[in-house]
Amino acid sequence: MMEDANIRSGTSVDWDFVADLARRVFSAYGEYDRILPTCLDDPQFHTLVCEQEGRPAGFCMLSIGDGVGEVVAVAVDPAWQGRGIGRQLMRAIVEDARGMGIRLLLLKTATRNLSAQGLFRKIGFEEADREAGCYAAGQTAIGMRKRL
Ligand SMILES: CC(C)(COP(=O)(O)OP(=O)(O)OC[C@H]1O[C@@H](n2cnc3c(N)ncnc32)[C@H](O)[C@@H]1OP(=O)(O)O)[C@@H](O)C(=O)NCCC(=O)NCCS
């Protein structure tokens, strides 16, 4: 477990990092490398970035609704995966959501993405529903929720 995670808010300074990482890990699901960076300076979204060795290593992005939030993406650079960064980002975004008055957190991930589902279950998310054909190549999504 990592001890010195350096988590800060993301801004448009992180545009290239978010675009590059989204291209690497989300291209099978849609054009997230184009969509996600545009959310960085949008007040309807809140982004956290985890830095390692002085450079961004992962991010997590929350869409802020009225009492309801959606974790629209969490991603860790493949070189840094498996070291607890995804868990720390998710824990931090849950705390931030709580502080914003959000009472229900939603997210979607591909049914095949078992590592992400493992992470989300550890954070306390439970399966709510499934949606066929949710992503670009027709992949099924699993909808998960967590009450805060
Ligand atoms: C999903 C992702 C964010 C996890 O980040 P990470 O920093 O590698 O994860 P952590 O090291 O914090 O692991 C937390 C938990 O996730 C699960 N997990 C992570 N990697 C896993 C793997 N390769 N296989 C199975 N479970 C895995 C485990 O439950 C793990 O808990 P454990 O260490 O107690 O077993 C990362 O793998 C990633 O960026 N994947 C590509 C993008 C993506 O699919 N995002 C999710 C959809 S939005």
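**Figure 1. The β1-β2 pair.** Strands β1 and β2 run antiparallel and are joined by four bridges. This is a predicted model. One pairing to find is asparagine 6, which stands opposite glutamate 51 in β2. Strands of a sheet pair through backbone hydrogen bonds, either parallel or antiparallel.

**Figure 2. The whole sheet.** Seven strands form an open sheet, with mixed pairing. Their order is β1-β2-β3-β4-β5-β7-β6. The edge strands are β1 (6-9) and β6, and each of them pairs on one side only. On average, neighbouring strands of this sheet are turned by 25 degrees against each other, direction ignored. Helix α3 lies across β1, β2, β3, β4 and β5. Against β3, α3 runs at about 35 degrees.

**Figure 3. The β6 edge.** Strand β6 covers residues 126-131. How many of its six residues are buried? The number is zero, so β6 lies largely in the open. The partner of β6 is strand β7 (residues 141-147). These two strands pair in the antiparallel sense, over five bridges. Glutamate 131 stands opposite alanine 141 in β7.

**Figure 4. The turn at glutamate 53.** Glutamate 53 sits in the loop between β2 (45-52) and β3 (55-64). Glutamate 53 has a positive phi of about 50 degrees, although it is not a glycine. Is glutamate 53 buried or exposed? A residue counts as exposed if 12 or fewer other C-beta atoms lie within 10 Å of its own. Glutamate 53 has 7 within 10 Å, so it is exposed.

**Figure 5. Leucine 107 in strand β5.** Leucine 107 belongs to strand β5, residues 104-110. The cut-off for a buried residue is 20 or more other C-beta atoms within 10 Å. Leucine 107 has 24 such neighbours inside 10 Å and therefore counts as buried. Which residues does leucine 107 contact, leaving aside its neighbours within four places in sequence? They are Glu70, Val71, Phe120, Phe125 and Met144. Lysine 146 is 39 residues away from leucine 107 along the chain, yet 9.0 Å separates their C-alpha atoms.

**Figure 6. The largest nonpolar core.** In soluble globular proteins, nonpolar side chains tend to be buried together. Here the largest nonpolar core has 33 residues. Phe59, Cys60, Leu89 and Ile93 touch the most other members. At least two residues each come from α1 (15-26), α2 (32-38), β2, β3, β4, α3, β5 and β7. Helix α3 gives the most to this core, with six residues. Phenylalanine 59 repays a closer look. Not counting residues up to four places away in sequence, phenylalanine 59 touches Gly10, Asp14, Val18, Leu21, Thr47, Leu48, Val49 and Ala75.

**Figure 7. The shell around the ligand.** There are 20 residues around the ligand. Which of them come nearest? They are Gln81, Gly86, Ser115, Gly118 and Leu119. Three elements give two or more residues to this shell: β4 (68-76), α3 (85-99) and α4 (114-123). Helix α4 gives the most, with six residues. By class, the shell has nine nonpolar, eight polar and three charged residues. Helix α3 appears here as well as in the nonpolar core.

Methods. Residues numbered from 1 in each chain as written. Predicted model: local features only at pLDDT ≥ 70, side-chain atom pairs only at ≥ 80, totals over all residues. Near = placed C-beta within 6 Å. Nonpolar A, V, L, I, M, F, W, Y, C, P; charged D, E, K, R; others polar. Contact = placed C-beta atoms within 7 Å. Pairing = 2+ DSSP bridges. Axes fitted to C-alpha atoms, helices over the stretch in contact; angles between N-to-C directions. Core = buried A, V, L, I, M, F, W, Y, C linked by C-beta atoms within 7 Å.
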